[in-house]
Amino acid sequence: LPLAERLERKLKRTNNRYRGTFPESECREFAFRVFSQGIDFVLLGHFHAERLVRYAQGQATKVLAILPS
């Protein structure tokens with residue numbers, strides 16, 4: 001797949017500032033904004049890391065799940 005290979009080579013040079021670390025605080029802030037709207041489970045992806053985080057909020061447990069791409 002020459003096109004796919006060319007795109008992958010080009011994209012490797014982009015967004016380097018965001019690739020070095022997992023944006024934990026940004027994901028947590030996003031999840032809490034969604035939780036405040038009555039949502040109990042937030043699913044995010046494309047971070048090349050799998051994480052499952054549970055937050056106790058009052059009597060309820062809220063979940064932030066991150067799936068790798």
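Which residues make a nonpolar surface patch of about 280 Å²? The legends below start with that patch and then move through the rest of this predicted model.

**Figure 1. A nonpolar patch lies on the surface of the predicted model.** The patch is made by Leu3, Leu7 and Leu11, and its area is about 280 Å². Leu3 has its place in helix H1, which covers residues 2–11. For the protein chain as a whole, the accessible surface comes to about 5,800 Å². Carbon and sulfur atoms account for 54% of that surface.

**Figure 2. The protein chain contains three helices and three strands.** Read from the N terminus, the order of the elements is α-α-α-β-β-β. The chain has 69 residues, and 19% of them are buried. Contacts between residues at least 6 apart in sequence can be sorted by how far apart the partners are: 21% of these contacts join residues at least 24 apart.

**Figure 3. Ten residues form the largest nonpolar core.** The members are Phe22, Cys27, Ala31, Val34, Phe35, Val42, Leu44, Tyr55, Leu64 and Ile66. Three elements each supply at least two of them: helix H3 (24–35), strand E1 (41–45) and strand E3 (60–67). H3 gives the largest share, with four residues. In soluble globular proteins, nonpolar side chains tend to be buried together.

**Figure 4. Val34 touches residues that lie further along the chain.** Which residues does Val34 contact, leaving aside its neighbours within four places in sequence? They are Ile39 and Val42. Both Val34 and Val42 belong to the largest nonpolar core. Val42 also has a bridge partner in E3, namely Leu64, and Leu64 is another member of that core.

**Figure 5. Strand E3 pairs with both E1 and E2.** E1 and E3 run in the parallel sense and are joined over five bridges. E2, which spans residues 51–57, pairs with E3 in the antiparallel sense over seven bridges. Two positions show how E2 and E3 line up: Leu52 stands opposite Ala65, and Arg54 has Val63 as its bridge partner. In a regular strand the side chains alternate between the two faces of the sheet.

**Figure 6. A hairpin connects E2 and E3.** Two residues lie between the strands of this hairpin. Gly58 takes a positive phi there, near 65 degrees.

**Figure 7. Pro23 sits in a loop between two helices.** The loop runs between helix H2 (16–19) and H3. Is Pro23 buried or partly exposed? Its relative accessible area is 21%, so Pro23 counts as partly exposed, since buried means under 20%. Pro23 and Phe47 are 24 residues apart in sequence, while their C-alpha atoms are 8.6 Å apart in space.

**Figure 8. Glu24, Arg28 and Arg51 are linked in a network of salt bridges.** In one part of the network, the side chains of Arg28 and Glu24 meet with an N to O distance of 3.9 Å. These two residues both lie in helix H3, four residues apart, which is about one turn of the helix. In the other part, Glu24 forms a salt bridge with Arg51, and the closest N and O atoms are 3.9 Å apart. This pair links distant parts of the chain, with Glu24 in helix H3 and Arg51 in strand E2, 27 residues apart. The members of the network are partly exposed: Glu24 has a relative accessibility of 45%, Arg28 has a relative accessible area of 31%, and Arg51 has one of 33%.

**Figure 9. Lys62 and Asp40 meet in a salt bridge.** How many salt bridges does the structure hold? There are three, and the one shown here has an N to O distance of 2.6 Å. Lys62 lies in strand E3 and Asp40 in the loop between H3 and E1, so the pair ties together parts that are 22 residues apart in sequence. Lys62 is buried, with a relative accessible area of 9%, whereas Asp40 is partly exposed at 43%.

Technical notes:
Residues numbered from 1 in each chain as written. Predicted model: local features only at pLDDT ≥ 70, side-chain atom pairs only at ≥ 80, totals over all residues. Heavy atoms only, no water. Core = buried A, V, L, I, M, F, W, Y, C linked by side-chain atoms within 4.5 Å. Buried < 20%, exposed > 50% of the residue type's maximum accessible area, 1.4 Å probe, protein only. Contact = heavy atoms within 4.5 Å. Pairing = 2+ DSSP bridges. Patch = residues over 30% accessible without salt bridge, like charges linked within 9 Å, V, L, I, M, F, W, Y side chains within 5 Å. Areas by Shrake-Rupley, 256 points an atom, 1.4 Å probe, with all protein chains shown as cover. Salt bridge = Lys/Arg side-chain N within 4 Å of Asp/Glu carboxyl O.
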